[in-house]
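Student: Could you take me through the way pockets and a bound ligand are read in a model like this one?
Tutor: Let us look at the model together and then take its features in turn.

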Amino acid sequence: MVQERILVTQSSMPPYDEFIQAIRPLWDSCWLTNMGAYHKELEIKLKEYLDVPEISLMVNGHMALELVIQSMGFPKGAEVITTPFTFVSTTHAIVRNDLKPVFCDVKMCDGTIDETKIEELITENTAAILPVHVYGNICNIEAIQNIADKYGLKVIYDAAHAFGVKYKGKGIGCYGDASTFSFHATKVFHTIEGGAVTFSDKKIYDKLYNLKNFGIRGEDLVVAVGANAKMNEFSAVMGLCNLRHIDTAMHERKIRYQAYREKLQSIRGMRFFEDNPLAGKNYAYMPVLITDDYHMTRDGLYEYLKQKNIFTRKYFYPLTSEQACFKNKYKNVQLDHARELSKRVLALPIYEKLDMQNVYRIIDLLKG
Ligand SMILES: *Cc1c(COP(=O)(O)O)cnc(C)c1O
């Protein structure tokens, strides 16, 4: 029997009729973008859901990151301490702002930046720290903030994986100077393409507004040099529909996540990242670590599952610091843990509509 292809993720879709009904007034209004009614409504609803003081919607998560970095006005060539164990967008956003990434190693327990190794990387040119809550695992926020305060650095979190996660009872987007989210189709919550910046300093809102809308402040008035990174109204409506179902979506993911965890933890050579008891989870990803005790290598397992029509992903391999466009260009730092994780990690399929039968089939294949 030919098995269906199972990909690492599948976009959440709101009920078709609900979406069609929701776009009717948008259709009739002929107002498709430029901060329309749905854009405003989504900003309000997301501010509430994410439990953050301020939010600015963006065309995608990458531009959210690129523009919030730009809004901070760092001097050209300044250094930004960041993690190489991430999606390449994080590093691109730094480099495209004419800043230098300084890669810092990560912790084996959760893949986030190793806060004990940040201080030794700080120089007189350091402007900011840009950590990633990778797979929704929360960085050591207190330690990072202490370092930032001591040296007068900005902290920008790439929270693309951490939608809806609470930490110590507050929205994850409340921490640092700003956090960025991705609402790409493959993320837990999506607007097809989209993203946002969250922050508490209201001045950032105005700066981002200029950067995402050509600096236009009146029919005849352009006050700043800006790009175009606005979220359109169709995306905003998709977001409003998906937001109504987000709790169900996360609950369905949780069931699959727990089934994997329960059944896989007894397998020799398979490990997981540690959970942080003070942080919530959104079950966005199902990363596992393949150690030497497992009966196959990570790459062997990836190929084996692929032959069975199960398409896992090596998130995140290679490290961004190893990619052709960045390799050997920046400060050479020991990245042993990051390298080790990127060699061992495999993201298993997890999404709302993933059939439980398929979860059990994948578990059986992993048992070997
Ligand atoms: C998805 C992602 C981004 C980029 O978001 P887009 O919406 O695809 O532009 C940035 N950083 C991380 C860690 C991501 O996973």
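Student: How many residues of each class are in the lining of the largest pocket?
Tutor: A lining can be read by sorting its residues into classes. In this predicted model, the lining of the largest pocket divides into 20 nonpolar, 16 polar and 6 charged residues.

Student: Which residues lie nearest the centre of the largest pocket, and which elements supply its lining?
Tutor: Here one lists the residues around the centre and then the helices and strands that contribute. The lining of the largest pocket is made up of 42 residues, and F87, T186, K187, Y315 and F316 are those that lie nearest the centre. At least two lining residues come from each of the helices α3 (61-71) and α4 (89-95), and the strands β9 (178-182) and β16 (345-348) likewise each supply at least two. The space in this pocket amounts to about 790 Å³.

Student: What takes up the space of the largest pocket?
Tutor: A ligand is assigned to a pocket by where its atoms lie, and in this model the space taken by the ligand is the largest pocket. The elements α3 and α4 each give two or more residues to the shell around the ligand.

Student: Which residues come nearest to the ligand, and what is the make-up of the shell by class?
Tutor: Of the 14 residues around the ligand, the nearest are G61, D158, H161, S182 and K187. By class, this shell has 10 polar residues, together with 2 nonpolar and 2 charged ones.

Student: At what distances do the side chains of D158, H161 and S182 lie from atoms of the ligand?
Tutor: For D158, an N or O atom of the side chain is 2.8 Å from a nitrogen atom of the ligand. A polar side-chain atom of H161 is 2.8 Å from a ligand oxygen atom, while for S182 the distance between a side-chain N or O atom and an oxygen atom of the ligand is 2.7 Å. On its own the ligand has 380 Å² of accessible area, of which the protein covers 91%.

Student: What is the volume of the second largest pocket, and which residues are closest to its centre?
Tutor: The second largest pocket has a volume of about 400 Å³. It is lined by 29 residues, with D110, N137, E274, D275 and N276 the closest to its centre. Both α8 (246-264) and β14 (286-290) supply at least two residues of this lining, which by class has 16 nonpolar, 6 polar and 7 charged residues.

Terms used. Residues are numbered from 1 along each chain as its sequence is written. This is a predicted model: local features need pLDDT of at least 70, side-chain atom pairs count only at pLDDT 80 or more; totals for chains, interfaces and linings use all residues. Side-chain values use heavy atoms; hydrogens and water are left out. On a 1 Å grid over the protein atoms alone, a cavity is a set of points where a 1.4 Å probe fits but cannot get out, and a pocket is an open set with protein on both sides within 12 Å along at least five of seven lines; lining residues have an atom within 4 Å of a point. Grid points are joined across faces, edges and corners, and a volume is the space filled by probe spheres set on the points. Helices (H or I, at least four residues) and strands (E, at least two) are DSSP runs, numbered from the N terminus. Ala, Val, Leu, Ile, Met, Phe, Trp, Tyr, Cys and Pro count as nonpolar, Asp, Glu, Lys and Arg as charged, and the others, Gly among them, as polar. A residue is near a molecule or strand if one of its heavy atoms lies within 4 Å of it. A polar contact is a pair of N or O atoms within 3.5 Å; within protein, one must be able to donate a hydrogen and the other to accept it, and residues adjacent in sequence count only if both atoms are side-chain atoms. Accessible areas come from the Shrake-Rupley method with a 1.4 Å probe; for residues, only the protein chains shown count as cover. A molecule sits in a cavity or pocket if more than half of its atoms lie within 2 Å of its grid points.
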